[in-house]
Amino acid sequence: MTQFTLDQSSALLPLVRTIADEIVERRGEKHRLGRIRDDLESVPTPEGLTRSLADLDARIFEHDTGLRRAVGEIEALGLSLLRLNPLTIHFPGRTRTGNVVFCWQEGEEFLCHGHALGEEEEPRRPLKVRVVHAPNG
């Protein structure tokens, strides 16, 4: 398994955030379509309802496929997805003191949390080290 330093993980973060944006967008759209489908199923059967439900099912399937592809892209980078909501991605890492897991959640600008190896299901803790971010320009 590839292990990243905090600087390497931070350098990978822009790509991860791009993939994460797709996951978040598809997750939201799939949820929205699922609510519409539930609403349609609960009304008396009007003409064309079956086709509308089939169209919604096709769109939901499309988002499921996109989500699986995006998660595969995350995993191909050597990272793992802990959960979809909130989207939480783990970077296997190493520091001077040993192996760790850097933890990023949607909406965070930087990698600033982590877990001790083997404690990935436990609450995240703030990292004791900070990445020096170069000013934009």
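1. Start with histidine 63: with a relative accessible area of 13%, this residue is buried (under 20% relative accessible area; over 50% is exposed and in between is partly exposed, using a 1.4 Å probe and protein chains only). Histidine 63 sits in helix H2. Its C-alpha atom is separated by 35 Å from that of asparagine 99, which lies 36 residues away along the chain.

2. A word on what you're looking at. This is a predicted model, where local features need pLDDT of at least 70, side-chain atom pairs count only at pLDDT 80 or more, and totals for chains, interfaces and linings use all residues. Residues are numbered from 1 along each chain as its sequence is written, and side-chain values use heavy atoms, with hydrogens and water left out.

3. On to the two helices, H1 (6–41) and H2 (49–76). Helices (H or I, at least four residues) and strands (E, at least two) are DSSP runs, numbered from the N terminus. The axes of H1 and H2 come within 9 Å and cross at roughly 160° (axes are lines fitted to C-alpha atoms, for helices over the stretch in contact, and angles run from 0 to 180 degrees between N-to-C directions). That makes H1 roughly antiparallel to H2 (over 145 degrees; under 35 is roughly parallel, 65 to 115 roughly perpendicular and the rest oblique). Residues of their contact divide into 14 nonpolar, four polar and 14 charged (Ala, Val, Leu, Ile, Met, Phe, Trp, Tyr, Cys and Pro are nonpolar; Asp, Glu, Lys and Arg are charged; the others, Gly among them, are polar).

4. How does the length of H1 check out? At 1.5 Å a residue, its 36 residues should span 52 Å (1.5 Å times one less than the number of residues), and the end C-alpha atoms are 49 Å apart, which agrees. H1 also bends by about 40° at leucine 13 (the angle between axes fitted to the seven residues ending there and the seven starting there). Proline 14 follows within four residues of that bend.

5. Leucine 6 belongs to H1 and counts as buried, at 9% relative accessibility. Between leucine 6 and isoleucine 36 there are 42 Å, C-alpha to C-alpha, for 30 residues of sequence separation.

6. Valine 43 is in the loop between H1 and H2. It is partly exposed, with a relative accessible area of 36%. Valine 100, 57 residues apart from valine 43 in sequence, is 52 Å apart from it in space, C-alpha to C-alpha.

7. Glutamate 75, in H2, is partly exposed too, at a relative accessible area of 48%. Isoleucine 89 is 14 residues from glutamate 75 in sequence and 9.7 Å from it, C-alpha to C-alpha.

8. Last, have a look at proline 86, in the loop between strand E1 (80–84) and strand E2 (87–95). The peptide bond leading to proline 86 from asparagine 85 is cis, with omega near -5°. For background, most peptide bonds are trans.
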